[in-house]
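User: Please take a close look at one pocket of this structure and at how the helices pack. I am new to this structure and would welcome a connected account.

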Amino acid sequence: IGVYATLDKYSSGEVFNLETIYDVMFNLGFLFIIIGGVVCIVSFAGCIGSLRENLCLLKFYSFCLLIFFLAEMTLMALAFIYPHKLTEFLKNELSEKLIASYRDDIDFQNLIDLVQQDFECCGISTYTDWSKNEYFNCTTEAINPGVERCGVP
């Protein structure tokens, strides 16, 4: 799925913009390739290690599973200990990047449209969140002369 999504995006003329961690998180095809590759390598090590009774591969497999489990538990514990920080991060950092790059990625544009239609809302908190986007910013007409000015997608 990741390879297909990445090739489809590449064939439509979009370039890979992987400058920040947000670009990697929002590029679903690339994220699927990374996660799929890690899962494939770890699973292959576990399968071959058990077939050949190779202690080194089995230790690698067990160590990777332990690391995945500990990372998952750490993230869950941090979410329970600091729920306000998580909410603040999702509302401020993540939403600003999503709304600001709305027109940059057609996949996320469709995803945001779908979420807004399903939840019958616009923006993260209110419709004024869309003023963070250069196309929907409701400033003076001299600064933003676009037809989408003061609108909500």
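Analyst: In this predicted model, the second largest pocket is lined by L98, I99, F108, L111, I112, V115, Q116, F119, C121, G123, I124 and W130. Two elements, α5 (83-100) and α6 (106-119), each give two or more residues to that lining. The greatest contribution is from α6, which supplies 6 residues. The volume of the second largest pocket is about 190 Å³. By class, the lining of this pocket holds 10 nonpolar residues and 2 polar ones, with no charged residue.

The account now turns to the packing of helices. Two packed helices are described by the angle between their axes and the distance between the axes. Helix α3, residues 28-52, packs against helix α4, residues 55-81, at an angle of about 140°, and their axes lie 8 Å apart. Because of that angle, α3 is oblique to α4. The two helices, α3 and α4, make a left-handed crossing. On the α3 side, the contact is formed by V38, I41, V42, A45, G46, I48, G49 and S50, which meet L57, L58, F60, Y61, C64 and F68 of α4. The residues of this contact comprise 11 nonpolar and 3 polar, and no charged residue is among them.

Helix α3 also packs with helix α1, which spans residues 2-11; the axes of α1 and α3 come within 7 Å and cross at roughly 150°. The crossing of α1 with α3 is left-handed. From α1, the residues G2, V3, A5 and T6 take part in the contact, and from α3 the residues G29, F30, F32 and I33 do so. The contact of α1 with α3 has 5 nonpolar and 3 polar residues, and no charged ones.

To return to the pocket, its lining includes no charged residue; the contact of α3 with α4 likewise has none.

Notes. Residues numbered from 1 in each chain as written. Predicted model: local features only at pLDDT ≥ 70, side-chain atom pairs only at ≥ 80, totals over all residues. Heavy atoms only, no water. 1 Å grid on protein atoms, 1.4 Å probe; cavity = no way out; pocket = protein on both sides within 12 Å on 5 of 7 lines; lining within 4 Å. Points joined across faces, edges and corners; volume = space filled by probe spheres on them. Helix = DSSP H or I, 4+ residues; strand = E, 2+ residues; numbered from the N terminus. Nonpolar A, V, L, I, M, F, W, Y, C, P; charged D, E, K, R; others polar. Axes fitted to C-alpha atoms, helices over the stretch in contact; angles between N-to-C directions. Parallel < 35°, antiparallel > 145°, perpendicular 65-115°, else oblique. Left-handed = near helix turned anticlockwise from the far one by under 90°. Contact = heavy atoms within 4.5 Å.
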